[in-house]
Amino acid sequence: MSASARSDGTPEFATITWRNRPVQIECAWIAPERTNAPLIVFLHEGLGSIAMWKDFPAQICEAANARGLVFSRPGYGRSTPRADDEIWDVDFMHRQAHEVLPALFTALKLGDEKPWLFGHSDGGSIALLYASRFPEKVEGLVVLAPHIFVEDKTVANIEIARTAYLSTDLPKKLARYHDSADSAFWGWNRIWLHPPFRHWNIEAELDTIRCPVLAVQGIDDEYGTLAQIRGIAARVSGTCELLEIPECGHSPHRDQPERVTVATASFITKNRRQTP
């Protein structure tokens with residue numbers, strides 16, 4: 001089943017089969033009437049969803065004269081929550097990139113279209129993994145604060161998030177954006193704090209990425225250092241531009257939205273494949 005394209009951005013649902021069960025994926029289209037424009041697919045952060053992006057994807061699509069697809073991964077937003085007994089393993093981002101994304105694109109009947117992937121944090125890592133496994137199916141990448149290996153400061157701040165979830169009103173705040181705040185939070189938090197995950201590293205997998213990459217990170221990112229995006233530039237074989245933003249933390253699109261919008265629109269316009 002595919003979600004039909006609606007111009008008002010109202011979320012709809014696509015059904016995929018994943019982990020041997022049907023999963024509903026919350027989706028929303030942006031400016032589908034721009035039929036000849038590039039398609040940007042937005043991949044949210046580890047605690048994100050369609051709603052948490054707010055109007056930023058629409059701003060990017062307007063600036064880049066593009067169409068957009070925003071969706072909530074399984075376990076997030078209004079998508080099917082994580083099952084109570086479902087524990088994510090070290091390969092959880094690989095499974096999103098290699099299993100969920102292809103299944104979603106098939107359900108939405110994207111055919112041979114080569115989208116741009118715009119990913120934040122875990123979503124940026126998933127975008128990199130998809131482009132690594134399917135280099136011929138991606139037009140380009142824009143990744144904000146992606147992870148390519150695990151750093152001590154990342155784990156330390158995720159431990160702080162765990163304490164906050166248990167002792168503050170964070171569950172109530174997340175419930176505004178997710179049908180099950182517990183599904184979203186514990187799926188993300190438990191795997192990042194799982195000791196074997198400290199050895200997670202995707203640097204070698206970046207070697208097969210062929211498309212243009214814009215990698216963005218705040219200099220004050222509390223969840224990672226600039227070694228993350230500089231590591232991407234050292235591995236990918238095609239065009240790779242870095243944008244290191246001062247006075248900016250882990251969410252450049254919230255901390256410095258204008259800077260990110262201008263840079264993204266310029267990068268997509270400059271590297272857009274020209275159709276006959």
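**Exercise 1. Helix α7 and its surroundings**

Task: In this predicted model, work out how many of the 12 residues of α7 are buried, and what covers them.

Solution:
- Step 1: Count the buried residues. In α7, 10 of the 12 residues are buried, so the rest of the structure largely encloses this helix.
- Step 2: Name them. They are Ala181, Ser183, Ala184, Phe185, Trp186, Gly187, Trp188, Asn189, Ile191 and Trp192.
- Step 3: Look for the cover. The elements over these residues include α3 (92–107), α4 (122–133), α5 and α6.
- Step 4: Check the length. From first C-alpha to last, α7 reaches 17 Å, close to the 16 Å expected at 1.5 Å a residue.

**Exercise 2. Helix α4**

Task: Find out whether α4 is mostly covered or mostly uncovered, and compare its span with the expected value.

Solution:
- Step 1: Begin with the span. With 12 residues at 1.5 Å each step, α4 should span 16 Å; the end C-alpha atoms lie 17 Å apart, which agrees.
- Step 2: Turn to burial. Here 11 of the 12 residues are buried, making α4 mostly covered. Among them are Asp122, Ile126, Leu129 and Tyr130.
- Step 3: See what does the covering. The list includes β3 (39–43), α3, β5 (116–120), β6 (140–144), α7 and α8 (227–235).

**Exercise 3. The nonpolar cores**

Task: Which residues have the most contacts inside the largest nonpolar core?

Solution:
- Step 1: Recall a general trend. In soluble globular proteins, nonpolar side chains tend to be buried together.
- Step 2: Find the core. The largest one holds 64 residues, and Leu117, Leu141, Trp192, Ile209 and Ile232 have the most contacts inside it. The element giving the most to this core is α3, with 8 residues.
- Step 3: Zoom in on one member. Leaving out residues up to four places away in sequence, Leu141 touches several residues, including Trp116, Leu117, Ala127, Ile209 and Phe267.
- Step 4: Look for another core. A second, separate one of 26 residues includes Ala28, Ile60, Cys61 and Phe267.

**Exercise 4. The largest pocket**

Task: Describe the lining of the largest pocket: how many residues, from which elements, and of what classes?

Solution:
- Step 1: Start with the space, which is about 690 Å³.
- Step 2: Count the lining. There are 30 residues, with Glu45, Leu47, Met52, Leu174 and Arg254 nearest the centre.
- Step 3: Trace the elements. Those giving two or more residues to the lining are α1 (50–53), α5 (152–167), α6 (170–174), α7 (181–192) and α9 (252–255).
- Step 4: Sort by class. The lining has 13 nonpolar, 8 polar and 9 charged residues.

How values were computed:
Residues numbered from 1 in each chain as written. Predicted model: local features only at pLDDT ≥ 70, side-chain atom pairs only at ≥ 80, totals over all residues. Heavy atoms only, no water. 1 Å grid on protein atoms, 1.4 Å probe; cavity = no way out; pocket = protein on both sides within 12 Å on 5 of 7 lines; lining within 4 Å. Points joined across faces, edges and corners; volume = space filled by probe spheres on them. Helix = DSSP H or I, 4+ residues; strand = E, 2+ residues; numbered from the N terminus. Nonpolar A, V, L, I, M, F, W, Y, C, P; charged D, E, K, R; others polar. Expected span 1.5 Å × (residues − 1). Buried < 20%, exposed > 50% of the residue type's maximum accessible area, 1.4 Å probe, protein only. Contact = heavy atoms within 4.5 Å. Core = buried A, V, L, I, M, F, W, Y, C linked by side-chain atoms within 4.5 Å.
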